[in-house]
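Trainee: I am new to this structure and would love a close look at one part of it, the nonpolar core. Could you walk me through that part and then show me how the rest of the chain sits around it?

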Amino acid sequence: MNLEFLKPHVVLELWYLVVPISVFVVLAAKYLENILMPMLGFMLGGFFVSPMLIEWMGKVEFLKGIQQKLLENYTLNLIFVVVLGLLCGAVLYGLYKIFVFLAGFLAGGALGYFVTQLVIRERHLGTLGQLDLNILIPIGVGIALGVICGLIAVKKSAQVLAVISLLVASYLLAFSAVGWLYVWIAKSPKQEVSKLFESQPIVFALFFVWLILFVFGLSLNFRKRARQAPKGKETDKINQ
C-alpha cells in the first residue's frame with residue numbers, strides 16, 4: 001500500500017504542532033465547536049494538502065523553482081505549511097457552517113412545502129394581489145420551516161463536528177506514536193515512515209491504537225455525568 005504521495009513523514013517532522021493540537025482536540029472536542037473546524041482545517045491543510053500541493057508543483061514547469069526552495073529551506077517549508085493550514089481552516093469553517101445550514105434548510109423547506117401542498121391541495125385560497133395563495137403559502141411555510149431546520153442543524157452540528165475531529169486527531173496521534181516507534185525500531189529515516197504500511201502487523205497496531213484513542217475521546221466528550229441529588233434529599237435518605 002503506497003501512501004508516499006501523502007508524505008506521512010511530515011506528521012513526524014512537525015510533531016510539535018501535531019501532538020499538542022491532536023491531544024487538545026481529543027480531550028475537549030465536545031466544547032470547542034467554534035475552533036474545532038478551523039483546527040481540523042489546519043490539520044488537513046498543513047499535514048495532507050500541503051505535501052500534495054508541493055508534490056504537484058514539481059509537475060508544473062514554472063512552479064518547479066518554488067518547489068525546490070520549499071524542499072531545501074525548512075523554515076520556508078514550515079511557513080508554507082502553517083499559512084496553508086490557516087487558510088484551509090478559515091475556508092473549511094465557512095463552508096462547513098454554510099453546508100450544515102443549507103442541508104437543514106433544504107430538508108426542512110422541502111418537507112414544509114410538500115406537506116402544506118397536501119393539506120391545501122383540495123382548497124382554493126384565492127389570491128393576494130396577483131399571487132396565488134395556493135402557491136405562495138406552501139413556499140412561505142417551506143422557507144420558514146427551512147430556516148428553523150437550518151438553525152437547528154447548525155446548533156446540533158457540534159456533535160457531528162466533534163466526532164469528525166476526533167477521528168482525524170486520534171489518527172494523527174496514533175500515527176505519530178506508531179510512526180516514531182517504527183522509525184526507532186527499524187532505525188530508518190523519518191522520510192521512509194510510509195514503509196510501515198507495507199507491514200500488516202504494524203498497520204494492525206496503528207488501527208488498534210487509533211481505535212483506542214477514538215473510543216477514549218468519545219467516552220471523554222460524550223459520557224453522561226450522573227446528576228447529584230440535592231444535599232437535603234441525601235440527608236433524608238440517610239436518616240430513613
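**The core and its surroundings**

Mentor: Happy to. The largest nonpolar core has 35 residues, and the members that touch the most others are M43, F47, L172, F175 and L206. Several elements give two or more residues to this core: α1 (9-13), α2 (15-28), α3 (33-57), α5 (74-120), α7 (157-186) and α8 (200-222). Among these, α7 supplies the largest share, with 13 residues. There is also a second, separate core of seven residues, which includes I54, M57, L63 and L70. Please keep in mind that what you see is a predicted model.

Let us step back for a moment to place the core in the chain. The chain contains nine helices and two strands. Read from the N terminus, the order of elements is α-α-α-α-α-β-β-α-α-α-α. Of the 240 residues in the chain, 35% are buried. If you take the contacts with a separation of 6 or more, 74% of them come from residues 24 or more positions apart.

Now for a closer look at one buried spot. G41 lies in helix α3, one of the helices that give two or more residues to the largest core. G41 counts as buried because its relative accessibility is 1%, and buried means under 20%. Setting aside neighbours within four places in sequence, G41 is in contact with G85, C88, G89 and L92. For L92, the C-alpha atoms of the two residues are 5.8 Å apart, although G41 and L92 are separated by 51 residues in sequence.

Helix α8 offers a second example of residues that meet across the sequence. L220 is located in this helix. With residues up to four places away left out, L220 touches V26 and L27. The separation between L220 and L27 is 193 residues in sequence, yet 6.9 Å in space from C-alpha to C-alpha. Unlike the buried G41, L220 is partly exposed, with a relative accessibility of 26%.

Aromatic rings are the next thing to look for. One aromatic cluster is formed by Y171, F175 and W210. You have met F175 already, as one of the core residues that touch the most other members. Across the whole structure, a search finds five aromatic pairs. One of them joins Y113 and F114: the ring centres are 5.3 Å apart and the planes stand at 80°, so this pair is edge-to-face. Y113 is partly exposed at 26% relative accessible area, while F114 is exposed at 53%.

F204 and F208 make another aromatic pair, and this one is stacked, with 6.4 Å from centre to centre and 15° between the planes. Both residues lie in helix α8, four residues apart, which is about one turn of the helix. F204 is exposed, with a relative accessible area of 57%. F208 has a value of 46% and is partly exposed. If you are wondering how such pairs are told apart, a pair of aromatic rings is described by the distance of the centres and the angle of the planes.

Finally, let us move out to the surface. The chain exposes about 15200 Å², and 71% of that area is supplied by carbon and sulfur atoms. I135, I139, I143, V147 and L151 together make a nonpolar surface patch of about 420 Å². V147, one of these patch residues, is found in helix α6, which covers residues 133-155. The relative accessible area of V147 is 33%, so V147 is partly exposed.

L136 is found in helix α6 too. The relative accessible area of L136 is 33%, which makes this residue partly exposed. L136 also leads back to the aromatic residues: from C-alpha to C-alpha, L136 and Y113 are 10.0 Å apart, with their positions 23 residues apart in sequence counted as the separation.

To retrace the route in the viewer, begin at M43, F47, L172, F175 and L206 in the largest core. Then visit G41 and the residues in contact with it, G85, C88, G89 and L92. From there, go to the stacked rings of F204 and F208, and end at the nonpolar patch that includes V147.

Terms used. Residues numbered from 1 in each chain as written. Predicted model: local features only at pLDDT ≥ 70, side-chain atom pairs only at ≥ 80, totals over all residues. Heavy atoms only, no water. Core = buried A, V, L, I, M, F, W, Y, C linked by side-chain atoms within 4.5 Å. Buried < 20%, exposed > 50% of the residue type's maximum accessible area, 1.4 Å probe, protein only. Contact = heavy atoms within 4.5 Å. Areas by Shrake-Rupley, 256 points an atom, 1.4 Å probe, with all protein chains shown as cover. Patch = residues over 30% accessible without salt bridge, like charges linked within 9 Å, V, L, I, M, F, W, Y side chains within 5 Å. Salt bridge = Lys/Arg side-chain N within 4 Å of Asp/Glu carboxyl O. Phe/Tyr/Trp six-rings, centres within 6.5 Å; stacked < 30°, edge-to-face > 60°.
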